[in-house]
Amino acid sequence: MTRTDCLEALARLYEFLDGELDAADAAAVRHHMEVCAGCYPFLQFCGSFQDALHRAAKGQPAAPPELRQRIASLLRNEGLKPHNH
Amino acid sequence: MESFHQEALPHLDAVYRFALRLSGSPADAEDLVQETFLRAYRAWEQYTPGTRAKSWLFTICRNVFLRQRKRDRRRDETVRQAANEVDTNGIQAGEIPVFTTAYQYDPEGQFFASIIDDGILQAIENLPPDFRDAVVLSDLEGLAYAEIADVLGIPIGTVKSRLFRGRRLLQRQLYEYATESGYVQVNPQ
Ligand SMILES: [Zn+2]
């Protein structure tokens with residue numbers, strides 16, 4: 001494993017986890033991570049990190065119910081207007 | 001307009017949260033969301049079905065916000081200044097994607113699982129705004145890099161480096177939070 005391989009894999013780790021790499025690049029990063037003892041833990045660490053963020057995302061606050069109602073009636077009125085464009 | 005109700009309205013909560021971060025006040029956020037959905041509704045014919053309605057709504061929301069700000073000269077300058085502080089540095093060779101202290105303490109990152117949702121969300125809010133926005137749109141709202149670039153009006157390379165550094169910074173804050181709350185016991189050697 002050359003140092004450059006490791007540096008490249010680590011620089012692209014988040015792109016890999018975010019599904020932003022094309023198939024060939026993703027395969028290269030995955031392959032490196034699977035065979036490199038030095039890099040594999042980074043994948044695990046960042047994976048746990050992102051799992052926690054995704055879990056917390058579900059606990060985010062919702063819009064106030066009154067706002068939802070106001071927008072619904074706003075759109076109803078807007079839909080009744082004659083089209084003028 | 002059935003499609004609008006099916007594709008756009010489910011994102012109301014996400015747009016509200018986005019507006020709240022932009023405007024900083026619940027009342028302003030509600031006005032902003034209302035205006036966003038009204039504009040989106042009127043422009044719905046320009047929306048390409050199947051593309052992500054969420055990032056489209058975020059972009060409209062941000063545009064409405066920036067236009068309103070333009071009426072206020074001083075605030076507008078602040079916004080423009082912030083937009084010009086573009087992080088032009090890419091990711092440096094050899095830059096580590098993790099907060100090293102936490103990584104060395106717990107290489108599997110198990111302590112992240114012990115932190116409550118509110119602790120994580122609060123730590124994200126405490127990030128510097130440029131980093132926070134990128135992390136929120138990616139990790140909390142699930143946008144792709146290209147969508148984040150559109151919404152924030154920055155190049156994709158900047159999205160990448162803000163995520164890279166913002167996440168490392170967030171790991172540091174979460175590690176400190178976990179230490180303070182006793183989830184992580186640091187034993188003096
Ligand atoms: Zn390696």
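This report describes a zinc site and an enclosed cavity in a predicted model.

**The zinc site**

Four residues of chain A hold the zinc ion, and the table lists the donor atom that each of them supplies.

| Residue | Donor atom |
|---|---|
| C6(A) | SG |
| H32(A) | NE2 |
| C36(A) | SG |
| C39(A) | SG |

The donor atoms lie at 2.1 to 2.4 Å from the zinc ion. The angles among the four donor atoms run from 101 to 114°, and the site is tetrahedral. For comparison, the ideal angle for four tetrahedral donors is 109.5 degrees. Along the chain, the donors of the zinc ion follow the spacing C-x25-H-x3-C-x2-C. Two of the coordinating residues, H32(A) and C39(A), are buried.

**The cavity**

Empty space among atoms can be found by rolling over them a probe the size of a water molecule. In this model, one cavity of 30 Å³ or more is counted, and the largest cavity holds about 50 Å³ of space.

Both chains contribute to the lining of the largest cavity: A11(A), Y14(A) and E15(A) come from chain A, while I91(B), Y145(B), K160(B), L163(B), F164(B) and R167(B) come from chain B. Two elements each give two or more residues to this lining, namely α2 (13-17) of chain A and α10 (156-180) of chain B. Of these, α10(B) provides the largest share, with four residues.

What is the chemical character of the residues in the lining of the largest cavity: nonpolar, polar or charged? Six are nonpolar and three are charged, whereas no polar residue takes part.

Key: Residues are numbered from 1 along each chain as its sequence is written. Chains are lettered from A and ligands numbered from 1 in the order in which they are written. This is a predicted model: local features need pLDDT of at least 70, side-chain atom pairs count only at pLDDT 80 or more; totals for chains, interfaces and linings use all residues. Side-chain values use heavy atoms; hydrogens and water are left out. Donors are N, O and S atoms within 2.8 Å of the metal (3.2 Å for Na, K and Ca); water is not among the atoms, so sites may look incomplete. Four donors count as tetrahedral if all angles lie between 85 and 135 degrees; four count as square planar and six as octahedral if opposite donors are over 155 degrees apart and all others between 65 and 115; anything else is irregular. Buried means under 20% relative accessible area, exposed over 50%, partly exposed in between (1.4 Å probe, protein chains only). On a 1 Å grid over the protein atoms alone, a cavity is a set of points where a 1.4 Å probe fits but cannot get out, and a pocket is an open set with protein on both sides within 12 Å along at least five of seven lines; lining residues have an atom within 4 Å of a point. Grid points are joined across faces, edges and corners, and a volume is the space filled by probe spheres set on the points. Ala, Val, Leu, Ile, Met, Phe, Trp, Tyr, Cys and Pro count as nonpolar, Asp, Glu, Lys and Arg as charged, and the others, Gly among them, as polar.
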